[in-house]
Amino acid sequence: MNHSSIPYVVDFDVTFKCNLSCLHCNVNAGNELEYEMSTDEVKSIIKQLYDSGTVALALTGGEPLLRKDWREIVTYACSKVGMKIVLNTNGILFTSNDIEYLAENCKNLQVAISLDGSTPNSFGLLRKYDDGSSAESSFNKIIENTKLLKKAGMRYVSFNMTLTKLNIDYFESLIDLSHNLNIDRVLGIKFFQGGRGKKNSNNLELSYKQWSTFIRKLTKNKLENPFRYNIVNISITCPWEFKLPLNNRLYSEEQIFEVWRYNSPTKFNKLNRDIGCTAGVMGCAIAPNGDLYPCGTVTTESSGMKCGNVLESSVIDVWENSDFLKKLRNINVDQINGHCKVCNIKDYCGGGCRGRAFTKYKDILANDPLCPLNGR
């Protein structure tokens, strides 16, 4: 088997409408699509995912709270016992009544708030309004709503920070803020060049040196001060982003797993693959109009990565029969252009991010453009 029989993890963009216009947004959110799913259609997709055995579902966007039916959608998703439900939101639009409703009716919901800075000023470096002005005036509202969510008894509230050149120096102070607010997790998400973020990538994309310095220091801190850093995790797109900076002279693969609970997909025996990218293999993403993509970083980024539409056929039908997914699943690391064929970490890395390769070169066999070894 070269892929899971079901999409275990799914990002479901329920709308692309958004009240912000952030520099790094990978879906270029702001305006809703010409057609976005009805309430019943969204619920039908959630049911299909649950019935198939999907383990985790993120309701995201855009800003999900801009849907008039968002409460009904979230409540329905949370009724699917055993499936982890995450609501990704910028946290601005909650009312006290909304929070009371969630605490009463959606006790198992995980609320993930995008907070890309620890102060109004640092928050506004990435977060913008439609006119391009800083959204720093919304920062205090987000903090107020976070306090209300915790006070109401929501079981899991986290902060997500997209890590870019502009704000990476504020990650440590976000950890301090998170402890003060009793936040359950702080997730640093490595920036991906998609959507509006692609247009701003020169100002946002971390150099390998910046990334390496950051992740080495954070790993050392996490080992030496587990109490402070136990709430911290990092989301990367592919294995080399841990493996190269945390090389064997510093940390073994076992230590990387110990610290970050991360193992390369090439080590997943059931998948029997030597590719380290799980796009379209373990999970997928669904756009508001029903289009299915291999992962959430490339939703609507390229029509070439569209795998089918779940309103025209079932989720599982697209998952099993998409020609693009079949092609993606059947490549091997020696087919990838660039350094990969001779790389001494290819057995762990497995060729880097296929989404980045396709986004830049329109070719899933192209090299990962961010891997520093491809420049040699």
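**Figure 1. Phe214, a buried ring in helix H9**. Phe214 has a relative accessible area of 13%, so it counts as buried (under 20% relative accessible area, with exposed over 50% and partly exposed in between; 1.4 Å probe, protein chains only). This is a predicted model: local features need pLDDT of at least 70, side-chain atom pairs count only at pLDDT 80 or more, and totals for chains, interfaces and linings use all residues. Residues are numbered from 1 along each chain as its sequence is written, and side-chain values use heavy atoms, with hydrogens and water left out.

**Figure 2. Phe171 meets Phe214**. A search of the whole structure turns up eight aromatic pairs (ring centres of Phe, Tyr or the six-membered ring of Trp within 6.5 Å; planes under 30 degrees apart are stacked, over 60 edge-to-face, the rest tilted). One of them joins Phe171 and Phe214 edge-to-face, at 5.7 Å centre to centre and 75 degrees between the planes. That pair ties together distant parts of the chain, 43 residues apart: Phe171 sits in helix H6 (residues 171-180) and Phe214 in helix H9 (residues 208-224), helices being DSSP runs of H or I, at least four residues, numbered from the N terminus. Phe171 is buried too, at 0% relative accessible area. Add Trp211, and ring pairs link the trio into a cluster.

**Figure 3. Two arginines over ring faces**. Arg71 lies over the face of Tyr101, 4.6 Å from the ring centre. Over at Trp319, Arg329 does likewise at 4.5 Å. The test here is CZ of Arg (or NZ of Lys) within 6 Å of the ring centre and within 35 degrees of the ring normal.

Notes. Helices (H or I, at least four residues) and strands (E, at least two) are DSSP runs, numbered from the N terminus.
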